[in-house]
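Student: I would like to take a close look at the part of this protein that surrounds its ligand. Could you please guide me through it and then show how it fits into the rest of the chain?

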Amino acid sequence: MGEKKSAEFKGRRAKGAIYFNENIKKILDILRESGDNGVSGEEIAKKVGITRAAVSKNVRKLNELGYTIKVSKKYILAGSPDIPYPWELRYGKNIIFFKDVNSTQDEARELILGRKRDRRNTLLDRIPEDSKPIWIISLYQRKGRGRLGRTWISPYGNFYGSAILKSDLPMKEIVKTSLVAGLSVLKSIKKYLEQEVKEGGIEIPDVVLDRIKIKWPNDVIFEIWDENSKSHFFRKVAGVLSEAFGEPDKVEYIIVGIGVNLNVSPIPEISYSLKDFIKKDVSLKKFTDILLDEFTNTWESFRYGRWFELKTEIERNLYRGRLEIIKDKGEKKFVGFAVGINPDGSLKVEKDDASFEDVYYGDVFPPEWESKMFENQKR
Ligand code: BTN
């Protein structure tokens, strides 16, 4: 009975997981280098150090995964899918990739709590030494989760990932982790857009890039100018969900879940995608590579004690507009302006009567969002 249960559990967790594969990476590198000239199976086999049969097996696998490899006398790579497979990314060795899952956040939690001795745990055991996060990434989520019990609608085309971080921080520091994660998302979005300006032939004035903001605690929003109504409106492009595991005075693991609307805006009334912004398809592979790199660097800065530098950067990019603050599931509410981040990570708000209040928990909505947010909970 016990055995059957654990087999089911393992089956459910392991289904569809794709890991970094050294041979596949080498084969792709060789194919890319040879370009249209192509390369023989024999040459690949020799360079990679595998048999020719293993080469053709891997080529079949790559074709199944969406690559187009033409085979005549030589192998020619005619196309690669825009999919962030682990071997396509700089941090690929730290990634567990899925085509679909219920929620990357739940997969990460099972990995931490399940503690099963499979390849994923070997990855997990590496965290303390190199401090690099382990990522669960999926192309689609059936039951994506947002903050405060909300749903995160997760169609194909966007980024969904959960980073598992090893930590010895006290629970009250977690809000800082969320802010730091939000900053890394904002920087990745800007970096992607800047690359598009450089290489993709699109124009984005700096003043427009400056309108991409962090909305406390960790959303990234776009402030968009509407020519018709001659006013600004706000749309959410990314969200972060942080969950901590361990004791109140010493957290063992933090799971930071990140969703970024790259090509699809799931709730047009409040959300926006990068594609809406640049009117051009956004590469999931390129964006994922940038985000994982930015996140790792920002998280390392935080771990090495640079919170105050990061806080300054967050404040520079903070949405400071007029806000409606909802606390405790909509019960308490007041209106004011976000004026800054306190040293402990809470939000400093100036209220309409000129007094200040610090916000530790809850959500902050630009005007006109509140009703729409709650309407969408019914979907
Ligand atoms: C929010 O703004 O409410 C946070 C949204 C977080 C969504 C991400 S998508 C990847 C990870 N998996 C989940 O189920 N949720 C987070």
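Tutor: A residue is called buried when its relative accessible area is under 20%, exposed when that value is over 50%, and partly exposed in between. By this rule, 53% of the 379 residues of the protein count as buried. Please keep in mind that the model is predicted. The protein has 13 helices and 14 strands, and the surface that it exposes comes to about 18100 Å², with carbon and sulfur atoms supplying 51% of that area.

Let us now turn to the ligand. There are 20 residues around it, and those that come nearest are Ser103, Gln141, Arg145, Arg147 and Lys236. Several polar atoms of the protein can be located here. Ser103 places a polar side-chain atom 2.8 Å from an oxygen atom of the ligand. In the case of Thr104, a polar side-chain atom lies 3.1 Å from a nitrogen atom of the ligand. Arg147 takes part through its backbone: an N or O atom there lies 2.6 Å from an oxygen atom of the ligand. On its own the ligand has 410 Å² of accessible area, and the protein covers 98% of this.

Which elements supply the shell? Helix H5 (104–114) and the strands E5 (159–166), E8 (231–247) and E9 (250–260) each give at least two residues to the shell around the ligand. Strand E8 gives the most, with 4 residues.

Helix H5 deserves a further look, for it also holds a salt bridge. Arg109 and Asp106 both lie in this helix, 3 residues apart, which is about one turn. Their closest N and O atoms are 3.4 Å apart, and the two residues form a salt bridge. Arg109 counts as partly exposed because its relative accessibility is 30%. Asp106 is likewise partly exposed, with a relative accessible area of 22%. This pair belongs to a network of salt bridges that links Asp106, Arg109, Arg145 and Glu243. You have already met one member of the network, since Arg145 is among the residues that come nearest to the ligand.

From here we may widen the view to the whole structure, in which a search finds 24 salt bridges. One of them joins the side chains of Lys187 and Glu313, with a distance of 3.2 Å from N to O. Lys187 lies in helix H8 (residues 174–199) and Glu313 in helix H12 (residues 307–316), so this pair ties together parts that are 126 residues apart in sequence. Lys187 is partly exposed, its relative accessible area being 25%.

Helix H12 also contains the salt bridge between Glu315 and Lys311, whose closest N and O atoms are 3.3 Å apart. These two residues stand 4 positions apart in helix H12, about one turn of the helix. Both of them are buried.

Helix H8, for its part, includes Lys176. With a relative accessible area of 9%, Lys176 is buried. Leaving aside residues up to four places away in sequence, Lys176 touches Phe302, Trp307, Pro343, Asp344 and Gly345. Such contacts belong to a wider picture: among the contacts in the protein with a separation of 6 or more, 66% are between residues 24 or more positions apart.

Two further places show the contrast between interior and surface. The first is Val55, found in helix H4 (residues 52–64). Val55 counts as buried because its relative accessibility is 0%. Apart from residues up to four places away in sequence, Val55 touches Gly41, Ile44, Ala45, Ile50 and Tyr75. Val55 and Ile27 are 28 residues apart in sequence, and their C-alpha atoms are 8.0 Å apart in space.

The second place is Tyr361, in the loop between strand E13 (356–359) and strand E14 (363–365). Tyr361 has 46% relative accessibility and therefore counts as partly exposed. Together with Leu148 and Tyr360, Tyr361 makes a nonpolar surface patch of about 330 Å².

To return to your request, the part around the ligand is best remembered through the 98% of the ligand's accessible area that the protein covers, and through strand E8, which gives the most residues to the shell.

Conventions
Residues numbered from 1 in each chain as written. Predicted model: local features only at pLDDT ≥ 70, side-chain atom pairs only at ≥ 80, totals over all residues. Heavy atoms only, no water. Patch = residues over 30% accessible without salt bridge, like charges linked within 9 Å, V, L, I, M, F, W, Y side chains within 5 Å. Areas by Shrake-Rupley, 256 points an atom, 1.4 Å probe, with all protein chains shown as cover. Salt bridge = Lys/Arg side-chain N within 4 Å of Asp/Glu carboxyl O. Buried < 20%, exposed > 50% of the residue type's maximum accessible area, 1.4 Å probe, protein only. Contact = heavy atoms within 4.5 Å. Near = heavy atom within 4 Å. Polar contact = N/O pair within 3.5 Å; in protein donor to acceptor, adjacent residues only side chain to side chain.
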